[in-house]
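Some labels in structural biology rest on simple cut-offs. Let us take a few of them and ask what stands behind each one.

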Amino acid sequence: SRRSKRVTSTQLRALLASSMSSMYQTEVPLYGELLDIIRTVNASCIRRSPHAVSDDEISRLNVERHGAIRVGTPQELALLARIFGVFGMMPVGYYDLWKDAGLPIHATAFRPVGADNLARNPFRIFCSLLRIDLIADATTRELAQRLLASRQIVSDRCIELLTKAEAALPPARSGVDEVAIEGLTRVEAIEFVERVVDIFAWHSDTPVSLCEYQLLSRTHPLVADIVSFRGPHINHLTPRTLDIDEVQSSMIARGIDAKQVVEGPPPRHCPVYLRQTSFHALSERVSFLGAPEGVEHGQHKARFGEIEARGQALTRRGARLYDELMARTARVKKAAESQASTPLGTKECERILVQVFRDGFVDDVHGMMRGALGFFMYTVRDGALAKTMAAGTHDSASLAAMVEAGALAAEPITYEDFLPASAAGIFQSNLPQTTASAAHKPEHVVAECDESAARNRLEHAVGGTILDYFALYAEQQALSLRTVAAQLNVDWT
Ligand code: OOG
Ligand code: NI
């Protein structure tokens, strides 16, 4: 049929993920080396404990990536939001990196929603938007505005293909349904992906002069990274591993310039959220074309490599507990540090983190369930038994009891999003040393700002709605419970 000749949003997303991965391997060969390490480690994890990983996880693991880009204006973001929409990638979560880390940006992540789409291809892009209103110095702000106003990050051909694709998309989409891209032929669809990948390519020259670049950098290195170049180059592409501690030691053993500590929660029997580590940004040669005296050369640090291990999505309650324990960890470290009057070593920091979580965050499936700390997908395991137990309520305690008795099975729902604190850590470890402290707000950046107005601007740019990831996980869990209730013929509403 005519329909079957059309590419679907999922196929397009898979092609985008693999094309970006090929491009980044050419641009940053060290990323290719990371992929080798990951493949070996993941394969040996699966061999070691074949039942620890679900089929869905295994099938998506080797294609799973997240990337990160940074754009300069709401108009650029709006265009990208439309483009990602064609790939079934919706804006999820609001990350205020100004509030959390003193960085002049805020962000959302474009990703597929719905269990099926995620299982087929979970490709996500963390997308930051510059907050130009936070640049206090008028000369620098005007330079940034001028540079952003004169660039076009998406080619005319790409916009033409986007417009054709959009014209034939169903109007209001929740993102949950996989759609056929009726507006593009297969050939056009493939060309569309190529033109989209072009947007994120690295440019080794910039239209600015070295002096302008330095002015922008002094305000904040991120400002220079965002506005000096012709486009929003992808700055890292992160594969997922089943054993991040092993990858971390492999990186160090191979002499890769890795970060000292893994960001996020400690290793656990029931992994939660996400744990990330990275190798530091490369220093790359750039030609500055802007000076009337001719081409100048310099260095730019932007692109790095990151890996991550994903655990279970936490409920708001679990998330609150997590935040409390991270704050406690920081307090314990600070106290230990002031007592020893030297900075703590990596091993000591790890030990404190592990200890605080051991004392404060239950680490077995039933406990996580009883405490309503994490989200689960429930299925019927023993129908007869489940029927006898299902008559009453279905609060966390009774669900946990049913799982413990073997009446239901519960699978943790994977966390698909990002952690502001880890994101901040990732940004900071890749900025020049002068700005590498957590609460440092460079003096040329203003301290006053209106948080909700900023959020509204970003939300408006992505089309009016940023999805709430807690609501998405809750819906996924509720959907599984509705299915269970229907099978058991009980009323759990
Ligand atoms: C994005 C940093 C956030 C993560 O994994 O938390 C991120 C950036 O450096 O542009 O990718
Ligand atoms: Ni990342």
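**Checking the labels**

Q: What makes the oxygen atom of ligand 1 and the side chain of N235 a polar contact?
A: In this predicted model, an oxygen atom of ligand 1 is 3.0 Å from an N or O atom in the side chain of N235. A polar contact is a pair of N or O atoms within 3.5 Å. The pair with N235, at 3.0 Å, meets that cut-off.

Q: How do you know that H236 also makes a polar contact with ligand 1?
A: An N or O atom in the H236 side chain is 2.9 Å from an oxygen atom of ligand 1. The cut-off is 3.5 Å, so this pair counts. R70 has a polar side-chain atom 2.8 Å from an oxygen atom of ligand 1.

Q: How much of the accessible area of ligand 1 does the protein cover?
A: On its own, ligand 1 has 320 Å² of accessible area, and the protein covers 100% of it. Residues around ligand 1 include F126, Q276, E306 and F418.

Q: Why are H66, H236 and E306 called donors of the nickel ion (ligand 2)?
A: A donor is an N, O or S atom within 2.8 Å of this metal. H66 and H236 each offer NE2, and E306 offers OE, at 2.1 Å. That is within the cut-off, so they count as donors. Along the chain their spacing is H-x169-H-x69-E.

Q: What does the pair H66 and H236 tie together?
A: H66 lies in strand 1 and H236 in strand 6. The pair therefore links parts that are 170 residues apart in sequence.

Q: Why is H66 called buried?
A: Buried means under 20% relative accessible area. H66 has 1%, so the label fits. H236 has 6%, so H236 is buried too.

Q: What makes strand 7 (residues 274–279) largely enclosed?
A: 6 of its 6 residues are buried, so the rest of the structure largely encloses strand 7. L274, Q276 and S278 point one way, R275, T277 and F279 the other way, and all are buried.

Q: How do you know that strand 7 and strand 10 (residues 305–310) pair?
A: Pairing needs at least two bridges. Strands 7 and 10 have 6, in the antiparallel sense, so they pair. In this pairing, T277 stands opposite I307.

Q: What makes strand 3 (residues 105–111) a partner of strand 2 and of strand 4?
A: 5 antiparallel bridges join strand 3 to strand 2, and 6 join strand 3 to strand 4, also antiparallel. Each count meets the minimum of two, so both pairs qualify.

Methods:
Residues numbered from 1 in each chain as written. Chains lettered and ligands numbered in written order. Predicted model: local features only at pLDDT ≥ 70, side-chain atom pairs only at ≥ 80, totals over all residues. Heavy atoms only, no water. Donors = N, O, S within 2.8 Å, 3.2 Å for Na, K, Ca; no water. Helix = DSSP H or I, 4+ residues; strand = E, 2+ residues; numbered from the N terminus. Buried < 20%, exposed > 50% of the residue type's maximum accessible area, 1.4 Å probe, protein only. Near = heavy atom within 4 Å. Polar contact = N/O pair within 3.5 Å; in protein donor to acceptor, adjacent residues only side chain to side chain. Areas by Shrake-Rupley, 256 points an atom, 1.4 Å probe, with all protein chains shown as cover.
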